[in-house]
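Here's a quick look at how some helices pack in this model, plus one pocket. Have the viewer open as you read.

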Amino acid sequence: MSALRLLAAPLRSLLRFPLLQLAIVIAVVVLLQSADEHTLFGQMFVGLDRLVDRSVGAVSAAFSVKSFTRSWLTTGFWIGYVYLAGLLILLALRIAFAIALDLAGRWNVFWLRNSIARERGIAAYQAWEPLERIRPPHISQEIWEEAFAWPANNKPPYPPLPHRLLRGAIGYVVVLGALATALQLFTPLPALTWLGDLAKRLPGLI
């Protein structure tokens, strides 16, 4: 597994380059646009085109948008939606690959259990080391582990995923609200007024 990661490292570093990602997204948009409407890619283009039109229409209803800004909005929404779709596809592939690795390790497919377990054991030890360095001498390693790393009830020592998502969403709302307030008070941009107008028009746009 480590050999595969070593071989894939140059390709992964190249794919993380922002300009290459932008070029791939633009190529995908051009490919979808050139596809026939009766094919799968053509139907995908039609669906994305409608989504982009509705998004530009929503922004135009909330703010004063002229032709130059509309063209940039259209391009930006196209790139953003295709980029988001690519991220979701990569996330799904990553989850599927992780599940496949778990099944391969559990059932010892192609005799990979030992190599997968060794690699994950090394990662677990490296993650445990910083916590172990601050363990007081009078606390046993077992109690320390149950308190902070692997509880005795086998429940993770962090909140469930819905709670973390809700906490993150609240944090983003607070930060955006503070930023909009600062823009409203200290700059000529009436950000809070724009957000209020957008909130009033959202029920009619959905």
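Helix α5 passes α6 in a right-handed crossing (a crossing is right-handed if the near helix is turned clockwise from the far one by less than a right angle, and left-handed if anticlockwise). Helices here are DSSP runs of H or I with at least four residues, numbered from the N terminus. This is a predicted model, where local features need pLDDT of at least 70 and side-chain atom pairs count only at pLDDT 80 or more, while totals for chains, interfaces and linings use all residues. Residues are numbered from 1 along each chain as its sequence is written, and side-chain values use heavy atoms, with hydrogens and water left out.

On the α5 side, W128, L131 and E132 make the contact, and α6 brings Q141, W144, E145 and F148 (contact means heavy atoms within 4.5 Å). By class, that contact has four nonpolar, one polar and two charged residues; Ala, Val, Leu, Ile, Met, Phe, Trp, Tyr, Cys and Pro count as nonpolar, Asp, Glu, Lys and Arg as charged, and the others, Gly among them, as polar.

Two packed helices are described by the angle between their axes and the distance between the axes. The axes are lines fitted to C-alpha atoms over the stretch in contact, and angles run from 0 to 180 degrees between N-to-C directions.

| Helix pair | Axes come within | Crossing angle |
|---|---|---|
| α5 (residues 113-133) and α6 (residues 141-148) | 11 Å | roughly 110° |
| α2 (residues 18-34) and α4 (residues 67-107) | 9 Å | roughly 100° |
| α4 and α5 | 8 Å | roughly 120° |

With axes crossing at roughly 100°, α2 is roughly perpendicular to α4 (angles of 65 to 115 degrees count as that). Here Q21, L22, V25, V28 and V29 of α2 meet W78, I79, V82 and Y83 of α4. The class split is eight nonpolar, one polar and no charged residues.

Helix α4 also crosses α5, in a left-handed way. From α4 come A98, L101, D102, A104, G105, R106 and W107, meeting R113, I116 and R120 of α5. This contact has five nonpolar, one polar and four charged residues.

Now for the pocket. The second largest one has a volume of about 150 Å³, and F63, L176, G177, A180, L183, L189, A191, W194 and L195 line it. Helices α7 (161-186) and α8 (191-205) are the elements giving two or more residues to that lining, and α7 gives the most, with four. The lining divides into eight nonpolar, one polar and no charged residues. A pocket is an open set of points on a 1 Å grid where a 1.4 Å probe fits, with protein on both sides within 12 Å along at least five of seven lines, and lining residues have an atom within 4 Å of a point. Its volume is the space filled by probe spheres set on the points.

Definitions and conventions: Parallel < 35°, antiparallel > 145°, perpendicular 65-115°, else oblique.
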